[in-house]
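Trainee: Before we begin, please let me put one point at a time to you, and please show me the reasoning that leads to each reply.

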Amino acid sequence: MLWRTRQDAGMEYRMGASYPTKVRLASRSGNRCAFDRCTQALTIDPQGGGNPTLVGQAAHIAGENSTAARYDPNMTDEQRDHYDNLVYLCGTHHTQVDEQERDFPVVRLLKMKAEHERKVQDGVTEALADVGFEELGRASELIAKRPAGA
């Protein structure tokens, strides 16, 4: 089976979306919550250095299980945990879209995700259009000078 499970106190639970799926979701969200007009960063860098804290959440658009918001019994587990059925949100908005289910139907969440990812992609495209060969050359030199593993 493609999806992992775990057992706690004799009960079996699905583990949800795979790590590569979550990475894809986070990268296409540009480190920002996909909720309309939310600017919450979804990673927080520590003040003293070290690894960032991930605060973003991969929220299911159609619910993960029968008690979840927007559950669709016709979906397979693979479909539920697929990239297409997930949206990257901050904790506040993840809670809101699940608790206020009537205000956030599947169609609205799919549109929100698509518009957010389009804005992120447009921003990246626009920013890269301003990068010239001189800047790319300098960046390449800096990368080449870095010690291996740094």
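**Arginines, salt bridges and a pocket**

Trainee: In which loop is arginine 37 found?

Mentor: This is a predicted model, in which local features need pLDDT of at least 70 and side-chain atom pairs pLDDT 80 or more, while totals for chains, interfaces and linings use all residues. Residues are numbered from 1 along each chain as its sequence is written, and side-chain values use heavy atoms, with hydrogens and water left out. Helices are DSSP runs of H or I with at least four residues and strands are runs of E with at least two, numbered from the N terminus. With the elements named in this way, arginine 37 is found in the loop between α1 and β3 (43-44).

Trainee: What is the phi of arginine 37?

Mentor: We should first notice that arginine 37 is not a glycine. Although that is so, its phi is positive, and the value comes to about 65°.

Trainee: Is arginine 37 buried or exposed?

Mentor: The answer rests on relative accessible area, where under 20% is buried, over 50% is exposed and anything in between is partly exposed (1.4 Å probe, protein chains only). Arginine 37 has 80% relative accessibility, and therefore this residue counts as exposed.

Trainee: And what about arginine 70, is that residue buried or exposed?

Mentor: Arginine 70 is also described by a positive phi, of about 60°, although this residue is not a glycine. Arginine 70 is found in the loop between β5 and α2 (77-80). Because its relative accessible area is 8%, arginine 70 is buried.

Trainee: Which residue meets the side chain of arginine 70 in a salt bridge?

Mentor: A salt bridge is a side-chain nitrogen of Lys or Arg within 4 Å of a carboxyl oxygen of Asp or Glu. For arginine 70 the N to O distance in such a bridge is 2.7 Å, and the other side chain is that of aspartate 98.

Trainee: How many residues apart are aspartate 98 and arginine 70?

Mentor: Aspartate 98 lies in helix α3, whereas arginine 70 lies in the loop between β5 and α2. The aspartate is partly exposed, because its relative accessible area is 29%. The pair links distant parts of the chain, and the two residues are apart by 28 residues.

Trainee: In which helix do lysine 111 and glutamate 115 both lie?

Mentor: The side chains of lysine 111 and glutamate 115 meet in a salt bridge at 3.9 Å, N to O. At 54% relative accessibility lysine 111 counts as exposed, and glutamate 115, at 30%, counts as partly exposed. The two residues are four residues apart, about one turn of the helix, and the helix in which both lie is α4.

Trainee: What is the N to O distance at which arginine 118 and aspartate 122 meet in a salt bridge?

Mentor: Arginine 118 and aspartate 122 both lie in helix α4, four residues apart, about one turn of the helix. Arginine 118 is partly exposed, with a relative accessible area of 45%, and aspartate 122 is partly exposed too, with 40%. Their side chains meet in a salt bridge, for which the N to O distance is 3.4 Å.

Trainee: How many salt bridges does the count come to?

Mentor: Side chains of opposite charge can pair when their charged atoms come close. Among the bridges are the one between aspartate 98 and arginine 70 and the one between lysine 111 and glutamate 115. By the rule given earlier, the count of salt bridges comes to four.

Trainee: How much space lies in the largest pocket, and which residues are the closest to its centre?

Mentor: On a 1 Å grid over the protein atoms alone, a pocket is an open set of points where a 1.4 Å probe fits, with protein on both sides within 12 Å along at least five of seven lines, and lining residues have an atom within 4 Å of a point. Grid points are joined across faces, edges and corners, and the volume is the space filled by probe spheres set on them. The largest pocket holds about 470 Å³ of space. Of the 26 residues that line this pocket, the closest to its centre are Lys22, Gly56, Gln57, Ala58 and Tyr88.

Trainee: Which element gives the most to the lining of the largest pocket?

Mentor: At least two lining residues come from each of α1 (19-28), β5 (57-60), β6 (86-89) and α3 (91-99). With five residues, the element that gives the most to this lining is α1.

Trainee: How many helices and strands does the chain come to?

Mentor: From the N terminus on, the elements run β-β-α-β-β-β-α-β-α-α-α. The secondary structure therefore, with helices and strands taken as DSSP runs, comes to five helices and six strands.

Trainee: What percentage of the residues of the chain count as buried?

Mentor: Arginine 70 is one example of a buried residue, with a relative accessible area of 8%. Of the 150 residues of the chain, the share that count as buried is 26%.
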